[in-house]
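Student: I am new to this structure and would like a close look at one part of it. Could you take me through the salt bridges slowly, and then show me what else is worth finding nearby in the text of the model?

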Amino acid sequence: MNGKDILILKYFLYIFSLFFFFAFSSEGTDAKLVSPLTGIGESTQHILGIFVSLEDGWKLYGPHASLTSGYPPSIEFTKKENLKNFKFLWPVEEKIVFQGVESGGYFGDVLIPLEIEIKDKSKDLILEGNISYLICNRVCMPKTVPFSFILPKGNSEISRDAVLFEEVEEIQEESIWIMLFFSFLGGFILNFMPCVLPVLSLKIMGIIRKSEEKQHIRVSSFFTFLGILISFLALASISVVFKLSGDVFQWGGQFQNPYFLIFMISIIFFFAANLWGIFEIGQGIVYRIPTINHKTIIADLWNGFVAVFLATPCSAPFLGTALSFTLTQDAVTIFFIFTFMATGFGLPYIFLILIPPQWIPLPKPGIWMKNFKNILGFGMYGTGIWLMWIFLDHITFFQYFLAILPVAILFQKKRLFWISLGCFITGSVILVILSTPKIALPFQGEIAIQEHVMKGKTVIVKINAKWCLSCALIEHRIFQDPEILELTSNPDIQIIKGDWTHPSPEISTYLKLKNRLGIPLIVIYGPKNKQGITLSEFPSKSEIIKAISDVK
């Protein structure tokens, strides 16, 4: 038998083994649509599930599957009477490695929950269609299973399939606790992100003030943390309102609003003027409020408020994951997540509340404090100039109004400061009203991206904004690295940038598609992964190089 005959025999045996494998190893893998209840009852919100029982050695790919290995289950309705909308609630995936490419998937008995909303609880829910999925062992088998499902109106009792949902509830509970931890950790890391560096002056200023009278340390720290907590709860409230209206609150999106910028610029320069001694916070009307200690409370509440809202252009590690998790959660869970973020962000102040004042080593008051405050004033002043630079994008006429405030502060005149502040606010508001709102340039969405991919190109999508300091840091430290520059200069690599400085429906839709509530966002596409690999909030050079290699 020559070499050619041996090769033919090998192919014959391989095809025969595949036939045998498909014929006898696929029992027990049919999917079905199940419900934990027997009827609709009094609620329009329900959970159904796609149940697949896998034999030993078989796996089912999840939502993070690489297209080089598999794809996640999907459902197509040919009939959906009384169904308003639905979405998958993917369980936590196990790690799957196929030919060196990491993916996620499931083993054993798998239940994939579907969150559904019914139009009218007084009518039956009738669903028909097909469930498509891929099961893999040594080979992969695509399967399409038709289904017909009815959830009748009226009384609702526990069904025989309810036991299948118990493990899912436990997994969801576990996921919530993991995300609460991520929220806390992300909030704490946010203290060290570049977006928060301008707020350093506020924190140091608070410490200086505490050094003057140690007995006020706990009170001052408490009210600073209270300002942080109130601010995060305000963001949680906004997030819930957006969710109820069918929209999504996007982290840092307020920096697109010119009125928010006017307000923040005024507050920042107010702090700078206070640090330079033009006036002291607490003078005037504050003295007339007997229940408020002017030396701590007002300033500390403002410190907490400003720190949070200047931090929102950043998406710290773990924070983006926790924020994305809120897309599928109820209002109570959203408030818990934002509360844990506030606790992490305010952890330094919590320590100051709990630690006895005599244990805290603080420098003795002296002339150095006045000089140091002046230095911090310049830091705060620089933050105001940065915000003003962002605000300049929103107006086109009479921009000299913007020069009034910074010049006036340098004169160290109290009356001139208040006049300038009034002129700045009034003039800026008028100019914003008269100016045509600026809209970001159209972003090349998924259709344009896939056109490049179909031509065999690797596509790097970068979403950033003028107000995003983290984006600027990544661009400077990572994408300007000689090795990355050389790699991305390849003609087979196409870079697509999206500028989110101004509102952009296309970019907002793209962020939702990628389950992100904020930026920076970097996604890399290629012929081997047309869905794209979404990188971490702060990708390393090696992560980018690996992603480019994986999609080619």
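Tutor: Happy to! Keep in mind that this is a predicted model. It holds 9 salt bridges. As background, side chains of opposite charge can pair when their charged atoms come close.

Let's begin with Asp 481 and Lys 541, whose side chains meet in a salt bridge at 3.5 Å, N to O. Asp 481 sits in the loop between helix 14 and helix 15 (482-488), while Lys 541 belongs to helix 17 (residues 541-551), so this pair ties together parts that are 60 residues apart in sequence. The two partners also differ in cover: Asp 481 is buried, with a relative accessible area of 18%, whereas Lys 541 is partly exposed at 30%. The pair has company, too, as Asp 481, Glu 483 and Lys 541 are linked in a network of salt bridges.

Stay in helix 17 for another pair. Lys 546 forms a salt bridge with Asp 550, and their closest N and O atoms are 2.8 Å apart. These residues are 4 apart in the helix, which means that about one helical turn separates them. Lys 546 is partly exposed, with a relative accessible area of 44%.

Now move to Lys 79, which forms a salt bridge with Glu 81; here the closest N and O atoms are 3.5 Å apart. Lys 79 is partly exposed at 30% relative accessibility, and Glu 81 counts as partly exposed at 38%. Asn 82 is found in the loop between strand 4 (74-81) and strand 5 (83-88). Although Asn 82 is not a glycine, it has a positive phi of about 75 degrees. Most residues other than glycine have a negative phi, and most peptide bonds are trans. Asn 82 counts as buried, at 10% relative accessibility.

Finally, return to helix 14 (469-477), which, like strand 11 (458-464), supplies at least two residues of the lining of the largest cavity. That cavity has a volume of about 60 Å³. Its lining includes Lys 462, Cys 471, Glu 475 and Pro 520, and by class it has 6 nonpolar, 1 polar and 2 charged residues. Pro 520 deserves a second look: it lies in the loop between helix 16 (505-513) and strand 13 (521-526), and the peptide bond from Ile 519 to Pro 520 is cis, with omega near 10 degrees.

Notes: Residues are numbered from 1 along each chain as its sequence is written. This is a predicted model: local features need pLDDT of at least 70, side-chain atom pairs count only at pLDDT 80 or more; totals for chains, interfaces and linings use all residues. Side-chain values use heavy atoms; hydrogens and water are left out. On a 1 Å grid over the protein atoms alone, a cavity is a set of points where a 1.4 Å probe fits but cannot get out, and a pocket is an open set with protein on both sides within 12 Å along at least five of seven lines; lining residues have an atom within 4 Å of a point. Grid points are joined across faces, edges and corners, and a volume is the space filled by probe spheres set on the points. Ala, Val, Leu, Ile, Met, Phe, Trp, Tyr, Cys and Pro count as nonpolar, Asp, Glu, Lys and Arg as charged, and the others, Gly among them, as polar. Buried means under 20% relative accessible area, exposed over 50%, partly exposed in between (1.4 Å probe, protein chains only). A salt bridge is a side-chain nitrogen of Lys or Arg within 4 Å of a carboxyl oxygen of Asp or Glu.
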